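Biologist: Before we discuss the fold, please place the sequence and the structure in view. I should then like to go through the strand pairing and the nonpolar core.

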Amino acid sequence: MCYIHDSNGKKNNTKFLKRRLVESYKTQIGEKMFNKALFNSHRQHSEPMWKLGVIFIFTGLLVIVMAERKMVGGLTGPKEATKEVQDLIDQVKGQVEQENNGGTAYPTFQAIEYKTQVVAGTNYFVKVEVGNGKYINLRIWKKLDQTVSLTSVQTDQTKEDPIEYF
């Protein structure tokens with residue numbers, strides 16, 4: 001039980017004080033006006049709370065959907081390479097061989113797995129098998145206009161090495 005001491009030092013129950021305060025307001029402004037003010041006060045406070053609840057629910061759902069898809073700025077989890085990813089690495093194969101293999105063709109050039117990062121377009125981080133048990137990682141930027149450019153290459157990788165930002 002909570003008590004408040006009034007100006008005379010008398011101990012009062014807070015429920016009793018609230019009830020006295022309500023009765024005081026009713027007598028000052030009239031019961032009809034008091035009830036109208038109480039109703040409008042409740043309505044003004046409940047509408048924003050209802051809207052706020054909807055916003056929180058929507059935000060929560062959006063977070064869940066974004067976690068399942070690509071998160072802006074962060075790398076997705078590793079995924080098995082698709083035909084689209086193989087097509088991307090095929091577009092930069094000549095440049096990779098020229099810059100990292102002395103212009104000599106790799107025995108194989110097969111995408112194994114990849115991660116993505118949403119930027120102004122999409123960065124693809126791709127683990128590529130290049131033959132003889134060797135692997136490289138490629139970072140390929142697919143721009144918003146769908147053009148593709150090789151951004152970076154990591155050589156001397158193994159199949160077990162995780163794909164990380166480079």
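**Strand pairing and core**

Modeller: This is a predicted model. Strands β6 and β7 form a hairpin with 4 residues between them, and Q146 in the turn has a positive phi of about 75°.

Biologist: Which residue stands opposite R139 in β7?

Modeller: Strand β6 covers residues 134-143 and β7 covers residues 148-157; the two pair in the antiparallel sense over 7 bridges. Within this pairing, the residue opposite R139 is S152.

Biologist: How many residues lie between β4 and β5 in their hairpin?

Modeller: Strand β4 and strand β5 (residues 121-131) are antiparallel and pair over 9 bridges. T116 stands opposite Y124 in β5. The number of residues between the two strands of this hairpin is 1.

Biologist: Which residue in β4 stands opposite E80?

Modeller: Strand β3 (residues 79-80) runs antiparallel to β4 (residues 110-119), and 2 bridges join them. Opposite E80 in β4 stands E113.

Biologist: Which element supplies the largest share of the largest nonpolar core?

Modeller: The largest nonpolar core has 17 residues, of which F109 and L138 touch the most other members. At least two residues of this core come from each of α3 (83-100), β4, β5 and β6. The largest share, 5 residues, is supplied by α3.

Biologist: What does L138 touch, leaving aside residues up to four places away in sequence?

Modeller: L138 is one of the two residues that touch the most other members of the largest nonpolar core. With residues up to four places away in sequence not counted, L138 touches I89, V92, V96, F109, Y124, F125, V126, V128, L150, S152, V153 and F166.

Technical notes:
Residues are numbered from 1 along each chain as its sequence is written. This is a predicted model: local features need pLDDT of at least 70, side-chain atom pairs count only at pLDDT 80 or more; totals for chains, interfaces and linings use all residues. Side-chain values use heavy atoms; hydrogens and water are left out. Two strands pair if DSSP finds at least two bridges between them. A nonpolar core is a set of buried Ala, Val, Leu, Ile, Met, Phe, Trp, Tyr and Cys residues joined through side-chain atoms within 4.5 Å. Buried means under 20% relative accessible area, exposed over 50%, partly exposed in between (1.4 Å probe, protein chains only). Contact means heavy atoms within 4.5 Å.
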